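Hi everyone, thanks for making the time this morning. I have one structure to walk you through, so let me put it up on the screen.

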Amino acid sequence: QVQLVESGGDLVQPGGSLTLSCVASGSVFAIKTANWYRQAPGNERELVATIDVRSNIQYAESVKGRFTISRDSHKSTVYLHMNNLKPEDTAVYLCNCQILTTQFETSDSWGQGTRVTVSA
């Protein structure tokens, strides 16, 4: 079994910063790919950032230059560092990972989300 737990969401003022964490636990051999999505009321789900096992990284245009995705393989943790936050960044942020549960099997897992609210 694999569990993903996000944390770090909070109420923050425009221009502020937050770092979100996504911890994978259970049967985790390796994280192949990690994605951060966000869902806001009235908006479509948006892929914010992705990182693969070779550290290839892609960002949504809406966050490029402000957000940074990274991982700590030893801690089985993926991070999303968010700078210069804007009200339009308000959303529930969800972690999604393709995880090697053994050296031969892959599981697609989702966390429950962590809420980020950017407001003055």
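Let's go straight to S109. If we set aside its neighbours within four places in sequence, S109 is in contact with V2, L4, C95, N96, C97 and I99. As for where this serine sits, S109 is found in strand β10. Is S109 buried or exposed? Its relative accessibility is 7%, so S109 counts as buried, given that the cut-off for buried is under 20%. I should say right away that this is a predicted model, so please hear everything today in that light.

Now, one step along the chain there is something for those of you who like aromatics. How many aromatic pairs does a search of the whole structure find? The answer is one. The partners are Y37 and W110, with ring centres 5.2 Å apart and planes at 35° to each other, so we call the pair tilted. For the angle, stacked would need planes under 30 degrees apart and edge-to-face over 60. The two partners come from distant parts of the chain: Y37 belongs to strand β4, residues 30–39, while W110 belongs to strand β10, residues 106–110, and 73 residues separate them.

What about their exposure? Y37 is buried, at a relative accessible area of 13%. W110, on the other hand, is partly exposed, at 38%. Strand β10 therefore gives us a buried residue in S109 and a partly exposed one in W110.

Let me zoom out to the chain. It has eleven strands and zero helices, so if you read along the sequence you simply get β after β, eleven of them.

On overall dimensions, the C-alpha atoms fill a box of roughly 45 × 25 × 25 Å along the principal axes. The radius of gyration is 14 Å, which agrees with the value near 14 Å for a compact globule of 120 residues.

Inside the chain, buried residues make up 40% of the 120. Of the contacts with a separation of 6 or more, 54% are between residues 24 or more positions apart.

And finally the outside. The accessible surface comes to about 6,600 Å², and 47% of that belongs to carbon and sulfur atoms. For the charges, there are 10 positive and 11 negative, and their mean positions are 4 Å apart.

That's my tour, thanks for listening!

Methods. Residues are numbered from 1 along each chain as its sequence is written. This is a predicted model: local features need pLDDT of at least 70, side-chain atom pairs count only at pLDDT 80 or more; totals for chains, interfaces and linings use all residues. Side-chain values use heavy atoms; hydrogens and water are left out. Helices (H or I, at least four residues) and strands (E, at least two) are DSSP runs, numbered from the N terminus. The radius of gyration is taken over C-alpha atoms; the globule rule is 2.2 Å times the number of residues to the power 0.38. Buried means under 20% relative accessible area, exposed over 50%, partly exposed in between (1.4 Å probe, protein chains only). Contact means heavy atoms within 4.5 Å. Accessible areas come from the Shrake-Rupley method with a 1.4 Å probe; for residues, only the protein chains shown count as cover. Lys and Arg count as positive and Asp and Glu as negative; His and the chain ends are not counted. The place of a charge is taken as NZ of Lys, CZ of Arg, CG of Asp or CD of Glu. Rings of Phe, Tyr and Trp (its six-membered ring) pair if their centres lie within 6.5 Å; planes under 30 degrees apart count as stacked, over 60 as edge-to-face and the rest as tilted.
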